[in-house]
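Biologist: Please give me a close look at a single part of this model. Then link that part to its surroundings, in plain steps.

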Amino acid sequence: MIGPLLVDAAFVVFALLAIVTGYRVFRTDSMVRAAFYLLASFAAVGGIMVLLGAEFLGMVLILMMAGEMLVMAIVMVMYMMNPAGLNPMVMVHQNRVAAIAGLVAFLALSAVGLAGEFPDQPVPDPASATEELGRELLGNSMLVFQTAGITLLATMIGAIAIAGSRGRYGSADEGSVEPGLQPDEEVA
Amino acid sequence: MSEPLALPVAIATVGVALVSGGYVIAVGDRWLAAAVAGRPSSLRRVLAAPIAGGALAMVTSRTTTERPDGPGWALAPALLAALAALALAMLPLAPGVAPADPDTGFVVFSAAIAFVMIAVFLHGWSSNATLPLHGAYRYGAQALSFQIPFLLAMLATALPAESLSLVRIVEAQASLWNVVRQPLGLPLYLVAGLAVTFWGPLNLPDGHDLAGGTSAEDAGIARLLWSGARTAMLVAVAAMGAAAFLGGYHGPVLPGPIWVIAKTLLLLALIVAAGHLFARIRIERFVLVAWVALIPLALLNVFISGAILL
C-alpha cells in the first residue's frame with residue numbers, strides 16, 4: 001500500500017495547493033476564475049481530509065463543492081452584470097478591515113495550533129469511520145440533522161416557488177406584473 | 001478483503017479501456033449513423049474513419065479567440081478525461097479485483113460525476129465566445145437537474161450491498177442482478193447518464209443548434225482532445241452502469257472481465273443508438289422532466305429498495 005513518506009508528500013502538495021489557490025482567489029481579476037480557484041482550494045482540503053482518514057467526509061466535501069462553486073460563479077456573474085465574468089475587475093475591497101480581520105483570524109488559528117492539545121489516538125480505518133458517522137447522523141444527532149434537512153428543503157421549495165417561471169406574479173412567458181406599492185392598489 | 005491491482009497494471013488497464021472504448025464508440029456511432037440513414041457503408045471505411053478523422057484533426061491548425069482564458073481552455077479536456085479515468089478506476093473487473101477499491105468508491109464516483117460540470121463549464125467559458133458560453137450555461141442547468149436522479153439511482157444499488165464499496169455492490173448481485181431487483185434503476189441511470197455524458201438527445205451543451213456549443217471555437221487537436229475526453233466519460237458511465245445494475249463480472253461460463261466488457265458494450269450500444277433514434281430535446285423540457293419525474297421516481301426507487309431490505 002501507500003508508504004508514510006508518500007502520504008507526507010501528498011500532504012505537502014495538497015497543503016501548498018490549498019494555500020496558493022486560496023491566495024489566488026483574491027489576486028485574480030475575474031469572478032469565475034476566483035470561483036475555480038476557490039474550488040481547487042477546497043478540493044485540496046478534501047484531499048487532506050482523505051489523508052487524515054476521513055475518507056467519506058473528504059470525498060463528500062469535494063463532491064458538494066463542485067456544484068456549489070458553479071452555482072456561485074453563475075449567480076455572481078448575473079448580479080455583477082459582467083458578461084461571462086471575463087472582464088477584468090478588482091476582487092478586493094475594504095482593504096484595511098479585511099487585512100485586520102485576516103491577521104486576527106490567522107493569529108487566533110495559530111494560537112490554537114500551538115497551544116491546543118490534539119488527540120493522538122491512531123485513526124480508525126476509513127470503513128469504520130464512515131459507519132460511525134452514519135450511526136451518529138441517524139442516532140443521537142438525528143433530530144438536529146433532520147430539522148436542518150427539513151428547513152433546507154422548505155427553503156428550496158420556497159425559492160423555487162418565487163423564482164420559477166410560474167411565479168407569484170403570473171407566468172414569466174406572458175409578462176408577469178409585480179403588485180403595486182400600495183396594499184389596496186389594483187394589480188394590472 | 002480485496003487486493004488492489006498493482007499501480008502500473010491499474011493505470012494501464014484504465015488507459016487501455018478508455019482508449020479502446022473511445023474507438024469502439026467512434027466506430028459504432030458512424031456505423032449506426034449510416035445504418036439509420038439507409039446509406040451503405042463498407043466495414044473497412046467505418047473502421048478507418050475515426051483514425052482518419054483523428055489524423056486530420058492533428059494536422060489542422062488550432063484557432064484562438066479574443067482574450068480567452070488559455071490555461072482553462074487547455075485544462076478542460078484533460079480534466080474531463082481525468083474524471084473519466086477516476087470513475088473507471090472504481091470498476092470491479094473480477095471478484096475482489098478493481099484498479100482501486102476504496103471503501104467509499106460510490107462517493108468517489110459521485111465526486112467524479114459532479115466535477116464533469118466543472119470541466120464542461122470551464123471548457124465553454126474559457127474561450128470567451130458567445131456560443132460556447134451558451135453551451136456552458138446550458139450544461140450548468142442540465143447538471144444541476146441530472147445529478148440528483150443519477151446519483152440516487154446509483155445509490156439505491158448500495159442498499160442491498162450494505163456498503164459504498166463498488167466491489168461489494170457487484171458482489172451483492174451474485175444471486176440477483178440489480179436490474180431485476182430495482183427495475184426503475186437502470187432506465188433512470190441511462191436517461192441521466194445521457195445527460196451526464198451530454199450524448200445524443202441530451203447533447204445540449206455541444207449541440208448542433210449552438211454550432212458545436214462549448215466546442216464551437218475548438219479546432220484541430222483541441223477538438224480531438226475534447227471529443228476523446230467525451231467518449232472516455234461515456235465509457236466510464238456505461239461501464240459503471242453495467243457494474244451497478246447488470247451484475248458486473250457475474251455470468252456463466254465466460255471469465256469475469258469478458259462479461260464486464262460485454263455488458264459495457266451492451267449499454268454503450270443502447271446509448272449510442274439513442275443518439276441516432278431520438279431527437280434532441282430542449283433544455284427547459286429536460287429540466288422540468290428531471291425535477292418533476294426523474295427525482296421522484298429515483299426517490300421511489302430508493303424507498304422501495306430500502307423497504308424490501310427491511
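Modeller: I start with one helix and then move outward.

This is a predicted model, in which local features need pLDDT of at least 70 and side-chain atom pairs count only at pLDDT 80 or more, while totals for chains, interfaces and linings use all residues. Residues are numbered from 1 along each chain as its sequence is written, and chains are lettered from A and ligands numbered from 1 in the order in which they are written.

The part I pick is helix α6 of chain A, residues 142-163. Helices are DSSP runs of H or I with at least four residues, strands are runs of E with at least two, and both are numbered from the N terminus. How far apart are the ends of helix α6 of chain A? Its end C-alpha atoms are 31 Å apart. At 1.5 Å a residue, its 22 residues should span 32 Å, so the two values agree. The expected span is 1.5 Å times one less than the number of residues.

Is α6(A) covered or uncovered? It is hardly covered, as the count of buried residues in it is zero. A residue is buried if 20 or more other C-beta atoms, placed from the backbone, lie within 10 Å of its own; it is exposed if 12 or fewer do, and partly exposed in between.

Now step back to chain A. It holds six helices and two strands. From the N terminus on, they run α-α-α-α-α-α-β-β. Of the 188 residues of chain A, 19% are buried. The domain assignment, which is automatic or from a database, gives domain 1 (1-92) and domain 2 (138-170). Their C-alpha centres lie 27 Å apart.

How confident is the predictor? Its score for each residue is pLDDT, from 0 to 100. Chain A averages 83, and 89% of the residues score at least 70. Among the elements of chain A, strand β1 (residues 166-167) has the lowest mean, 68, and helix α4 (residues 95-115) the highest, 93.

One residue of chain A has an unusual backbone angle. Most residues other than glycine have a negative phi. A:Q94 is not a glycine, yet its phi is positive, about 50 degrees. A:Q94 sits in the loop between α3 (55-80) and α4 of chain A. With 9 C-beta neighbours inside 10 Å, A:Q94 counts as exposed.

Next comes the meeting of the chains. Contact here is between residues whose C-beta atoms, placed from the backbone, lie within 7 Å. It takes 18 residues from chain A and 22 residues from chain B. On the chain B side, α4 (105-126) and α5 (130-155) each supply at least two residues. The largest share, 11 residues, comes from α4(B). By class, this side of chain B has 14 nonpolar, five polar and three charged residues. Asp, Glu, Lys and Arg count as charged; Ala, Val, Leu, Ile, Met, Phe, Trp, Tyr, Cys and Pro as nonpolar; and the others, Gly among them, as polar.

Last, the core. A nonpolar core is a set of buried Ala, Val, Leu, Ile, Met, Phe, Trp, Tyr and Cys residues joined through C-beta atoms within 7 Å. The largest one has 118 residues, and A:L39, B:A84 and B:L88 have the most contacts inside it. Its largest share, 17 residues, comes from α4(B). Beyond neighbours within four places in sequence, B:A84 has contacts that include B:L18, B:A229 and B:M233.

How values were computed
Contact = placed C-beta atoms within 7 Å. pLDDT = per-residue confidence, 0-100.
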